[in-house]
Amino acid sequence: MKKIAFIFALLAIAQVSIFAQNSEIPSSKLFDSKQLLRDVEVLAADDMEGRGFGTPGGTKAREYVVKRFKESGLADIDGKNLQPFSITGRDKVERQGANVYGVIRGTKHPEKYIVISAHYDHVGTRNGEVYNGADDDASGTAALFAMASYFKKKKPQTSLLFVAFDAEESGLVGSKKFVSEPPVPAARIVMNINMDMVGHSDKNELYASGSYHNPFLKPYIEPLVKDAKVKLLFGHDTPEQKRDDWTFQSDHGSFHREKIPFIYFGVEDHKDYHKPTDDYPTLTKPFYVHSVETVLAAVKVFDQNAAAIKTGK
């Protein structure tokens with residue numbers, strides 16, 4: 001009887017633990033927050049092998065992104081949703097990868113495009129340890145699916161081009177390929193909204209970086225500060241900050257080099273950055289859901305003002 005009681009006690013503890021884990025995921029009126037977290041959990045699982053560029057794990061992650069883009073309602077462009085490219089490393093081995101993209105056509109300005117991006121690759125395995133990259137950048141990639149699902153139902157005025165970049169960790173290679181050979185005319189790209197590490201902040205802080213270079217974008221974001229459930233801050237975009245200047249530290253940098261306006265949403269480096277501990281359990285889940293809601297609110301504002309943004313006003 002004591003053994004049976006002990007087993008039941010363990011089951012009860014497990015149920016409480018599962019309940020506690022689920023209860024810390026706040027619901028959202030904008031998207032399915034549990035699906036958002038499920039997507040991160042899949043992308044950051046050990047069987048993705050750290051999503052390294054040109055690895056079986058990277059290929060598996062790409063297949064999942066293609067699947068979820070379709071399920072989220074994104075359409076191909078001219079029958080395509082992949083942009084393949086290769087990198088030859090120092091070992092003289094050529095490795096293959098690809099950007100994944102899809103579009104939701106605008107109702108008012110279908111000829112103009114706002115590019116919403118994140119990167120799905122990470123650093124793979126090192127010394128036998130898997131670097132799962134839950135925050136970097138499974139969090140941004142999963143946010144793409146959530147936002148696509150929202151805008152599939154609530155049609156945007158401007159066409160929204162969602163892109164999951166490969167090989168960000170290899171030197172922004174995927175985004176460089178994209179801006180050099182975009183699937184739509186480059187002149188029709190209004191701006192880039194990039195997400196990289198939006199899921200882990202013990203201080204509840206999310207940065208909107210890039211207004212130093214694009215000051216005309218800041219007035220569109222400032223009204224969001226008051227109602228955001230995260231502490232929305234500006235900065236990390238001036239040359240004086242040196243290593244803390246994020247201008248070229250993720251894929252938005254490729255757009256900036258092409259003089260395409262950008263806003264980058266992300267968090268400051270945390271204890272799990274580029275470590276094997278950047279796992280699904282270490283995400284600050286309430287912050288993550290509210291972070292994605294905040295970025296989505298920014299996308300809505302930029303969508304409604306795309307014509308003015310295109311002229312730099």
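**Contacts of H274 and the surrounding fold**

Leaving aside neighbours within four places in sequence, H274 touches H122, V123, Y131, D136 and E169 in this predicted model.

Trainee: With the side chain of which residue does the side chain of H274 make a polar contact?
Mentor: E169 is among the residues in contact with H274. The two side chains come to 3.3 Å in a polar contact. The partner is E169.

Trainee: How far apart in space are H274 and D136, C-alpha to C-alpha?
Mentor: H274 sits in the loop between β10 and α9. In sequence, 138 residues separate H274 and D136. D136 is nevertheless on the contact list of H274. The C-alpha to C-alpha distance is 7.7 Å.

Trainee: Is H274 buried, partly exposed or exposed?
Mentor: Buried requires under 20% relative accessible area, and exposed requires over 50%. H274 has 23% relative accessibility, so the class is partly exposed.

Trainee: How many of the residues of α9 are buried?
Mentor: Helix α9 covers residues 285-304 and spans 29 Å from first to last C-alpha, close to the expected 28 Å. The helix is mostly covered. Of its 20 residues, the buried ones number 16.

Trainee: Which strands stand at the edges of the sheet?
Mentor: The sheet is open, has mixed pairing and follows the order β1-β2-β6-β3-β7-β10-β8-β9. Two strands have a single partner strand each, so one side of each lacks a neighbour in the sheet. These are β1 (82-88) and β9 (231-234).

Trainee: What is the bridge partner of I193 in β10?
Mentor: Strands β7 (residues 189-195) and β10 (residues 262-266) run parallel and are joined by four bridges. In β10, I193 is paired with I263.

Trainee: What angle does the direction of α5 make with that of β1?
Mentor: Helix α5 (residues 173-180) packs on the sheet. It touches β1, β2, β3 and β6. Its direction and that of β1 make an angle of about 125°.

Trainee: At what angle does α3 run to β2?
Mentor: Helix α3 (residues 56-71) lies across three strands, β1, β2 and β6. Relative to β2 (94-104), α3 runs at about 10°.

Trainee: Is α2 roughly parallel or roughly antiparallel to α3?
Mentor: Helix α2 (residues 33-43) packs against α3 at about 160°, with axes 10 Å apart. Angles over 145 degrees count as roughly antiparallel. Therefore α2 is, relative to α3, roughly antiparallel.

Trainee: Which residues of α3 make the contact with α2?
Mentor: On the α2 side, the contact involves Q35, D39, V42 and L43. The α3 side contributes A61, Y64, V65 and R68.

Terms used
Residues numbered from 1 in each chain as written. Predicted model: local features only at pLDDT ≥ 70, side-chain atom pairs only at ≥ 80, totals over all residues. Heavy atoms only, no water. Expected span 1.5 Å × (residues − 1). Buried < 20%, exposed > 50% of the residue type's maximum accessible area, 1.4 Å probe, protein only. Pairing = 2+ DSSP bridges. Contact = heavy atoms within 4.5 Å. Axes fitted to C-alpha atoms, helices over the stretch in contact; angles between N-to-C directions. Polar contact = N/O pair within 3.5 Å; in protein donor to acceptor, adjacent residues only side chain to side chain. Parallel < 35°, antiparallel > 145°, perpendicular 65-115°, else oblique.
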